[in-house]
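Here is a short tour of a protein chain, seen through its packing, its charged pairs and its aromatic rings. Keep the structure open beside the text and follow along.

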Amino acid sequence: MDERMSQEREEQLLALLRNLVEDMGRGKAAKELGVDRKTLWRGMRDGGLTPRLAEALERRALFGDQPDAVRARERIDGIERSLQTLGEEVRAGIEAVRGEVKALATAQAGALRAWERRLSEAESREHARDGTQAEAAPPVQGVAQPEQGLREVRPRRRYRPQMVTLEPEEYEEFAYGEALPLIAEWRRARADHIDERKSRVEQAKAWVWMLELEIALIGEHGLTMPRMHAPWSAMKREREVWRRRWRSLPDARSERRRALFWRFVRRVLTLGLWWR
């Protein structure tokens with residue numbers, strides 16, 4: 001036995017040995033400690049511990065049922081790491097939603113200002129036309145008269161107004177009505193999603209936003225999205241809304257989470273130098 005071991009410690013280890021034998025039996029206690037039965041029996045009989053037996057008892061006293069404790073600690077550590085990662089993703093998702101809501105509010109405000117500007121211009125043209133006609137000279141027989149006043153602006157009728165176009169068209173506000181701000185925002189989101197100059201995070205956010213706008217345009221406004229040759233029927237619109245809501249949108253949100261996670265990892269690895 002190690003000469004540096006104090007008598008008090010040796011007595012504590014012997015007491016631990018007796019408790020193990022009493023609880024488990026001699027054979028199981030020897031197996032638990034990793035020694036043979038003779039070594040264990042001599043230690044109890046003579047009151048002296050061999051270095052191997054003393055080491056096994058020290059390890060038992062320090063760690064107890066270590067395998068189960070280690071596995072439990074590892075599971076707890078894993079859960080804590082998962083919760084930390086989930087917390088980062090949730091915070092990133094909240095910030096993304098805030099940015100999208102802010103972008104929508106800005107887009108709607110801009111569309112409203114554009115609508116008011118167009119209405120004001122139309123009223124100005126109408127007043128100018130009325131004033132010119134009121135001041136026109138009476139016609140003279142036999143003399144060609146110049147055309148007076150302004151022509152009335154008549155909006156060009158779109159062939160199929162329920163179909164959304166990829167590019168803006170003239171007088172489309174008369175076809176789309178209150179859906180026009182959402183269509184304008186959808187065009188911007190689509191452009192950001194397919195723009196390879198954008199980062200992966202920006203493209204993923206634009207994908208989610210584009211699909212959410214499509215669900216509103218199809219389901220609430222009864223519109224048909226581009227690349228179609230004919231307007232969708234009511235049943236077809238329901239299928240398209242279902243496909244976007246339960247297939248495409250979950251995929252887009254998963255991509256957004258992955259993009260945000262890997263951007264976070266790159267920032268950590270580059271000490272904040274990577275911001276895309």
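Let us begin with an acidic residue: at 6% relative accessibility, Glu172 falls under the 20% limit and therefore counts as buried. Please keep in mind that this is a predicted model.

**A buried charged pair**

Which partner does the side chain of Glu172 meet in a salt bridge? The partner is Arg187, with N and O 3.0 Å apart. This pair ties together distant parts of the chain, since Arg187 belongs to helix 7 while Glu172 sits in the loop between helix 5 (66-135) and helix 6 (173-176), 15 residues apart. Arg187 has 12% relative accessibility, so this residue counts as buried too. As general background, side chains of opposite charge can pair when their charged atoms come close.

**Helix 7 and the core around it**

Arg187 has buried company in helix 7: Leu180, Leu182, Ile183, Glu185, Trp186 and Ala189 are buried as well. The helix also passes a simple length check. With 15 residues at 1.5 Å a residue, helix 7 should span 21 Å, and its end C-alpha atoms are 21 Å apart, so the two values agree.

Two of these buried residues, Ile183 and Trp186, lead us into the largest nonpolar core, which has 23 residues. Together with Val164, Leu217, Leu223 and Met225, they touch the most other members of that core. Helix 7 (180-194), helix 8 (200-219) and helix 9 (234-269) each supply at least two of its residues. Which helix gives the most to this core? Helix 8 does, with nine residues.

Ile183 makes a good viewpoint from which to look around. Setting aside residues up to four places away in sequence, Ile183 touches Val164, Tyr176, Leu217 and Leu223. There is also a second, separate core of 15 residues, including Leu17, Leu20, Ala30 and Leu40. In general terms, nonpolar side chains tend to be buried together in soluble globular proteins.

**Salt bridges between helix 8 and helix 9**

The count of salt bridges comes to 11. Two of them join helix 8 to helix 9. Arg200 in helix 8 and Glu255 in helix 9 are 55 residues apart, and Arg253 in helix 9 is 41 residues from Glu212 in helix 8. The table sets these two beside the pair we met at the start.

| Salt bridge | Closest N to O distance |
|---|---|
| Arg187 and Glu172 | 3.0 Å |
| Arg200 and Glu255 | 2.8 Å |
| Arg253 and Glu212 | 3.3 Å |

How do the partners fare for exposure? Arg200, at 35% relative accessibility, counts as partly exposed, whereas Glu255 is buried, with a relative accessible area of 17%. In the other pair, Arg253 is partly exposed at 32%, and Glu212 is partly exposed at 25%.

Glu255 is worth a second look. Leaving aside its neighbours within four places in sequence, Glu255 is in contact with Arg200, Ala204 and Trp207. Elsewhere, Glu214, Lys236, Glu240, Arg243 and Arg244 are linked in a network of salt bridges.

**Trp232 in its loop**

Two residues of that network, Glu240 and Arg244, are also among the contacts of Trp232. Where is Trp232 found? Trp232 lies in the loop between helix 8 and helix 9. Is Trp232 buried or exposed? At 9% relative accessibility, Trp232 counts as buried. Beyond its neighbours within four places in sequence, Trp232 is also in contact with Ile218, Leu223, Thr224, Met225 and Arg237. Leu223 and Met225 will be familiar from the largest core. The C-alpha atoms of Trp232 and Gln162 are separated by 9.0 Å, although these residues are 70 apart along the chain.

**Aromatic pairs**

How many aromatic pairs does a search of the whole structure find? The search finds two. Tyr171 and Phe174 form a tilted pair, with 6.3 Å centre to centre and 55° between the planes. Tyr171 counts as partly exposed at 24% relative accessibility, while Phe174, at 57%, counts as exposed.

Phe261 and Trp262 form an edge-to-face pair, 5.1 Å centre to centre with 70° between the planes. Phe261 is partly exposed at 28% relative accessibility, and Trp262 is partly exposed at 42%.

Key:
Residues numbered from 1 in each chain as written. Predicted model: local features only at pLDDT ≥ 70, side-chain atom pairs only at ≥ 80, totals over all residues. Heavy atoms only, no water. Core = buried A, V, L, I, M, F, W, Y, C linked by side-chain atoms within 4.5 Å. Buried < 20%, exposed > 50% of the residue type's maximum accessible area, 1.4 Å probe, protein only. Helix = DSSP H or I, 4+ residues; strand = E, 2+ residues; numbered from the N terminus. Contact = heavy atoms within 4.5 Å. Expected span 1.5 Å × (residues − 1). Salt bridge = Lys/Arg side-chain N within 4 Å of Asp/Glu carboxyl O. Phe/Tyr/Trp six-rings, centres within 6.5 Å; stacked < 30°, edge-to-face > 60°.
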